[in-house]
Amino acid sequence: MSPVSTKASTTVDARASVTSPVSPSFPHPTVPGASNAPDAPGVPGGADSRMSPGGPGFRRMSFALFLAGVATFALLYSTQALLPLISGDLGVSAGDASWTVAAATGGLAVFVLPMSALSERYGRRTVMTASLAVAVTVGLLVPFAPSLGALVALRALQGAALAGVPASATAYLAEEVRPKALVTAIGLFVAGNSVGGMSGRVITGWVAQEWGWRVAVGVIGVLAVACAVAFRLLLPAPKHFRPGSLRPRILLGTVRNHLANPLLRRLYAIGALFMTVFGGVYTVIGYRLAEAPFSLPQGIVGSIFLVYLVGTVAASAAGRLVGRLGRRGALYAAGGTTAAGLLLSLAGSLPLILLGLVLITGGFFAGHAVASSAVGRTATQGRAQASALYQSAYYVGSSVGSTVGALAFHSGGWAGTVGVGLAAVAGVVTITVLGTRAARVERRGLAPA
C-alpha cells in the first residue's frame, strides 16, 4: 500500500513511463519464481493466467478484499468517533483517550513486518484469515474493558492482529493481478478501507448516542465477524504464490535492500505524512464539533464520517488520475487538495468545515492509493516486506498524527491541528519535488550520447 533491484529494461511501455511517481520507468511486477516474460510459462497457449477486470474471479477477489478492508478499518478506528464519550465515561483527557486509536495503529505498525514474513512462508490468504479471526475475537472483548489501561492494551493487541491484512493483501494483488490492472485493484481495496472507516464511525456514533460507547464498539465487532467470514468464503485460492523462507538473515537482507532504495524511502515517507494529516484531523474533529459553538450530538458527529464516501471514490479513481497526470502529478494534486481542505476547515461555518473535510479526505485517499500502488507495482522480490514497510510507515504516521494532533488541539485549538497537517503536506510536496529531480537526472543519464 519497491524496487530493490528492479532489473528494468531501459525500454518500457508508454503507460509504465507515464505512471511512475519518482522515476521515468517502472518494470512490471514479477511473480516470484516465474518468468518475467509477457506470456506465463506453464499456461495453455502461453496466456497470462493472472486476473484482470472482466476476467474470471476478478470481481469475487475484489469484493473479498473490499470486505477485508471494511473489517480492518472499522475495527482499527472503532473508538475514534467515540473519543469524547470515552473521555467523559473514563474521566480522561482528549490526549489520553486518543491512545485508544494510537495503540491500535501503533500495534499494526510494529507487527506488519513480522506478519508479512509469515505471509511469505504460509501464504497471503492464510495469514489474512488468521489475522481477521484474532482481530474480530478481540473486538468482541473490547466493550468489556474495565479501564483506560485495559482498553488501550486490547486495542494494541487488535492492531497487532490486523497487521497481517494490509501487507498480505497488497502482495496477493501484486502476484495474482495483471500489472496494468494493479492500480485499479489496489484502489478497490483502499476503497474498502474508506467504507470500513466511514461505516465504523457512523454506526458507532448513532449507537453510542442511544446505548453508550461500549455497545457501539460491540456492534462493530459483530459487523467485522460477518465481513471476515464472507472474505474467507469469497477470496480465490492463490495460483502464483511461491513460499519463501522465514530465516531472519534473509528477511533482514530483504528489508535492508528495500530501505536502501531512495525511491522506496520516498514512497514510505509520503504514506506516513499523508496519514499524519488524516489521523490528526479525524481524531480531533469529534471534539471540535461536540464543543461550542457547534455542540452537535454524538449521532451527528458520527455522521460527519460519511465524508469517507469521497475517499471511496477518490481511491477507486486513482488509476485514472495517474493515467492523466502521471504518478508525480497525481501526488502533487493529492497534496494540494489536502492542503486546501485544511485551510478551508479553519472557517467558523459548519458547511465550510464539511467542504474542507471533503477535500482532505479526497486528497488523502488519492495520495495513499497512488503511493501504495507504486510500491506494489515495482517490487520484484520480497513483495510482502516492501508492502509491510509502507504499511508500517503509514500507521506510524497515523499514530503520530492522532497523538500530536490531539496535543496540538489541546494547546492551540483546531488551528494547532491544522498547523500539524499543513507541515505534513509540505513534507509530501518536498519529497515529490526531490523525486521529480531524481527522475530528470535519471533520464539524462539514459539519454544516448
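A crossing of two helices is right-handed if the near helix is turned clockwise from the far one by less than a right angle, and left-handed if anticlockwise. I note this for the helix pair below. The model I looked at is a predicted one.

**Entry 1: overall**

I looked up the secondary structure and found 17 helices and zero strands in the protein. I then took the burial count: of the 449 residues, 59% count as buried. The accessible surface comes to about 16500 Å², and carbon and sulfur atoms hold 67% of it.

**Entry 2: α5 and α7**

I looked up how helix α5 (residues 99–122) packs on helix α7 (residues 148–162). Their axes are 6 Å apart, at an angle of about 30°. Angles under 35 degrees count as roughly parallel, and α5 and α7 are therefore roughly parallel to each other. I recorded the crossing of α5 and α7 as right-handed. On the α5 side the contact is made by residues including Trp99, Val101, Leu108, Phe111 and Met115. On the α7 side I listed, among them, Leu148, Leu151, Val152, Arg155 and Leu162. The residues of this contact divide into 14 nonpolar, three polar and one charged.

**Entry 3: Ser398**

I found Ser398 in helix α17, which spans residues 383–446. Is Ser398 buried or exposed? Its relative accessibility is 1%, so I entered Ser398 as buried. Neighbours within four places in sequence left aside, Ser398 is in contact with Tyr77, Thr105, Met275 and Gly279. Thr105 falls within the residue range of α5, 99–122.

**Entry 4: Leu352**

I placed Leu352 in helix α16 (residues 350–378). With a relative accessible area of 35%, Leu352 counts as partly exposed. Not counting residues up to four places away in sequence, Leu352 touches Leu344 and Ala347. I also looked up its distance to Gly341, eleven residues apart along the chain: the C-alpha atoms are separated by 9.3 Å.

**Entry 5: the loop between α12 and α13**

I checked the backbone in the loop between α12 (262–290) and α13 (298–303), where Pro293 lies. The peptide bond from Ala292 to Pro293 is cis, with omega near 10°. Ser295 lies in the loop between α12 and α13 as well. Ser295 is not a glycine, yet I read a positive phi of about 50° for it. Why did I note both? Most residues other than glycine have a negative phi, and most peptide bonds are trans. At a relative accessible area of 46%, Ser295 is partly exposed.

Terms used. Residues are numbered from 1 along each chain as its sequence is written. This is a predicted model: local features need pLDDT of at least 70, side-chain atom pairs count only at pLDDT 80 or more; totals for chains, interfaces and linings use all residues. Side-chain values use heavy atoms; hydrogens and water are left out. Helices (H or I, at least four residues) and strands (E, at least two) are DSSP runs, numbered from the N terminus. Buried means under 20% relative accessible area, exposed over 50%, partly exposed in between (1.4 Å probe, protein chains only). Accessible areas come from the Shrake-Rupley method with a 1.4 Å probe; for residues, only the protein chains shown count as cover. Contact means heavy atoms within 4.5 Å. Axes are lines fitted to C-alpha atoms, for helices over the stretch in contact, and angles run from 0 to 180 degrees between N-to-C directions. Angles under 35 degrees count as roughly parallel, over 145 as roughly antiparallel, 65 to 115 as roughly perpendicular and the rest as oblique. Ala, Val, Leu, Ile, Met, Phe, Trp, Tyr, Cys and Pro count as nonpolar, Asp, Glu, Lys and Arg as charged, and the others, Gly among them, as polar.
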